[in-house]
Amino acid sequence: MFKTPSIRSTRLLKLMVNHASRRHITGRGGTPINTIIVFVPQQEAWVVERFGRFTRILEPGINFLAPIVHKVAYVQSLKELAIDVPQQAAITMDNVTLNLDGVLYLRVTDPHKASYGVEDAEFAITQLAQTTMRSEIGKIALDTVFRERETLNVNIVEALNKAAEAWGLTCLRYEIRDMKLPKKIQEAMQMQVEAERKKRASILESEGIREADINVAEGQKKAKILNSEAFKMEQINNAEGEANAILAKAKAKANAINVVAQAISSKNGVNAVSYNVAEQYVSAFSNLAQKGNTVLLPANTGDVGSMVSQAMAIYTNLSEANKVKQTLSETGELKEEEQQSQPTNINVNPESWDTDTHTLFSSELDSHDKQN
C-alpha cells in the first residue's frame, strides 16, 4: 500500500525541481552542486564522479544523482568556441619580424578526454596555436605570407588537430586576424609597390610607342610598295605605248617605202624620185647654220641637176647590189660567206631615211668635187 505524500514533502520536491530547472547551481569550483534532481542543458556535458572516480557523463535533460556519493566534477560545452590567440612576434625565413594575432575555432568532441587529458584545454590549445604559427611563419618568406595566407591557416589547423586529438578537442579553422610590420619594412614595401606601378606604366607606355612606330612603319612600307607598283605599272604602260607607237610608225614608214618602191618601178617613177630629191636638197639649205656655227657646203651648190644625178646614180648602184645579192642567195653561193662573216644588210630606217640619203649625197658630192 502506497501512502499519500504529505503536503510538506510535495512542497520540498517542487522546490528542488524549480532550483534544478533554472540553471545549475555552481559550487566553489564552478561546477554544479548535486541537488539529487538535475537538468543538463542542451549542448553541455556534465562529467560525474563517484567518490572521486569518473563514473559517467550526464546527457541533456533530467538526471538523478545520489547525494554525497555523486559529484559533478566538470562541465564541458559542446558548442563551437572562438578563442582569441594573443598577439605574438614571429620571424619569417628572410628575417623579417611580424606581429600576428588570430582567432581559433574549436569544439569539444570527447568530454572525458577534455576533462582528464589536460589541465586547462583552452590555455593548452592557445599556446599550441602560437608555437605552431611561429614555426609555420619561419618556413616562408614575407611575400609568401601575404600571398599564401590561406595555405598558412590550413597548415596550422592540421598541426593543431594532431596534438589536440588526445585532449578530446577538434580545431575547425584558424584565421590570422591582424598582421603588423615594422615601420621601415612598410616604407620599403610602399616604395616597392610604387616602383612596380611606375615600371608597369613605363612598360605600357613603351609598348604603346612601339606599336605606334610599328603601325607607322608598316603604313609607310605599304605606301612605298603601292607607289613602286604604281610606278612600275606606269613604266610598263609607257613602254608598251612607246613600243606600239614605234611599231605603228615603222609599219607606216615601211608601207610608205613600199609605195615609193612601187612608184619608182612604175612609169615616170624615176622622174618623181628626182623631183623629190631636188625638193629635199633645196629645203635642206633653209636649216643650215641653225644648230651650229660650222657649215660644210659643196663647191657647186647651185648646180641642182648634178646633185640629183649623183643621188640617182647612188640609188641605181644600191639597186644593182641588191639584185646581185638576191641572185647569189637563190643559187646558194651566199651561204658560205654568211658563215664566215656577218652579211652587210642595207636597212632602211623610216625615221632616218632623209638623213641617210643626205649623208650619201654629201659623200658622193665630196668625191665629185675632189675629182674636179
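## Sheet

In this predicted model, an open sheet is built from 3 strands in the order 3-2-5, with antiparallel pairing. Strand 3 (53-58) and strand 5 (70-77) are the edge strands; each has a single partner strand, so one side of each is left without a neighbour in the sheet. From one strand to the next, the twist averages 30°.

Strand 2, residues 44-50, pairs with strand 5 in the antiparallel sense, and the pairing runs over 7 bridges. Within the sheet, Val48 stands opposite Val72 of strand 5.

## Ile33

Ile33 is located in the loop between helix 1 (7-22) and strand 1 (37-40). Its relative accessible area is 43%, over the 20% below which a residue is called buried but not over the 50% needed for exposed, so Ile33 is partly exposed.

Ile33 and Pro67 are separated by 34 residues in sequence, and their C-alpha atoms are 9.7 Å apart in space.

## Confidence

The average pLDDT for the protein is 75, and 67% of the residues score at least 70.

Two stretches have pLDDT under 50 throughout. One of them is residues 343-365, for which the model has 25 contacts beyond four places in sequence. For residues 368-372, where pLDDT also stays under 50, the model has 5 contacts beyond four places in sequence. Where pLDDT is low, predicted coordinates should not be read in detail.

Conventions:
Residues numbered from 1 in each chain as written. Predicted model: local features only at pLDDT ≥ 70, side-chain atom pairs only at ≥ 80, totals over all residues. Heavy atoms only, no water. Helix = DSSP H or I, 4+ residues; strand = E, 2+ residues; numbered from the N terminus. Buried < 20%, exposed > 50% of the residue type's maximum accessible area, 1.4 Å probe, protein only. Pairing = 2+ DSSP bridges. Axes fitted to C-alpha atoms, helices over the stretch in contact; angles between N-to-C directions. pLDDT = per-residue confidence, 0-100. Contact = heavy atoms within 4.5 Å.
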